[in-house]
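Dear colleague,

Please find below the structure that I am handing over to you. A summary of what was found in it follows.

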Amino acid sequence: MQMEDSIKVYIENADDAFTELEIPLGIELSLMEVLKGEGYPIEATCDGMALCATCHIEVLEGFDKLHEESDEELDMLDSLPNLCDTSRLSCQLKIQPELDGLKIRIKGDADA
């Protein structure tokens, strides 16, 4: 079995279609940093410290593959008015094979 050297994450667009984003493995970045670098509307005002929730995403598929939330992430998520059962902070998700196939909706800290 050959190891893949990249993963694919799917981001929901305004028209409910998905954009495929191919991300190389082995980079020391979070999903937030990749999304921001690709021009998605993520402010990341706390610079990935789980303090602002501007990188809030809803995981539409693949939530069960993710590691559990830290206490800091849970505290921040609990403060959000648009929290859902599969909410995560993308700054807390490092690029790793478990993210392959993830489908997300970017929520930010706004209501949606």
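**Strand pairing**

Strand S1 (residues 6-12) and strand S5 (residues 103-106) run parallel and are joined by two bridges. Within this pairing, Ile11 has Ile104 of S5 as its bridge partner. S5 is also joined to strand S3 (residues 56-61), here by four bridges and in an antiparallel direction. Ile104 of S5 appears once more in that pairing, as the bridge partner of Val59. Please bear in mind throughout that this is a predicted model.

**Overall architecture**

The strands just described belong to a protein with two helices and five strands. Along the sequence, these elements follow the pattern β-β-α-β-α-β-β.

As to dimensions, the C-alpha atoms fill a box of roughly 45 × 35 × 25 Å along the principal axes. The radius of gyration is 13 Å, which agrees with the value near 13 Å for a compact globule of 112 residues.

Contacts between residues distant in sequence are well represented: of the contacts with a separation of 6 or more, 64% are between residues 24 or more positions apart.

**Surface and charge**

Of the 112 residues, 39% are buried. The accessible surface of the protein comes to about 6500 Å², and carbon and sulfur atoms account for 47% of that surface. The protein carries 8 positive and 27 negative charges, and the mean positions of the two groups are 3 Å apart.

**A residue to examine: Leu35**

May I draw your attention to one position in helix H1 (residues 31-37), namely Leu35. Is Leu35 buried or exposed? Its relative accessibility is 0%, and Leu35 therefore counts as buried, the cut-off for that class being under 20%.

Which residues are in contact with Leu35, once its neighbours within four places in sequence are left aside? They are Ile11, Leu21, Tyr40, Ile42, Ser90, Ile104 and Ile106. Two of these names will be familiar from the strand pairing above, since Ile11 has Ile104 as its bridge partner in S5. Ile106, another residue in contact with Leu35, lies 71 residues from Leu35 along the chain, and the C-alpha atoms of Leu35 and Ile106 are separated by 9.5 Å.

When you view the model, you may wish to begin with Ile104, the bridge partner in S5 of both Ile11 and Val59, and then turn to Leu35, which is in contact with Ile104.

With kind regards

Note on methods: Residues numbered from 1 in each chain as written. Predicted model: local features only at pLDDT ≥ 70, side-chain atom pairs only at ≥ 80, totals over all residues. Heavy atoms only, no water. Rg over C-alpha atoms; globule rule 2.2 N^0.38 Å. Buried < 20%, exposed > 50% of the residue type's maximum accessible area, 1.4 Å probe, protein only. Contact = heavy atoms within 4.5 Å. Areas by Shrake-Rupley, 256 points an atom, 1.4 Å probe, with all protein chains shown as cover. Lys, Arg positive; Asp, Glu negative; His and termini not counted. Charge placed at Lys NZ, Arg CZ, Asp CG, Glu CD. Pairing = 2+ DSSP bridges.
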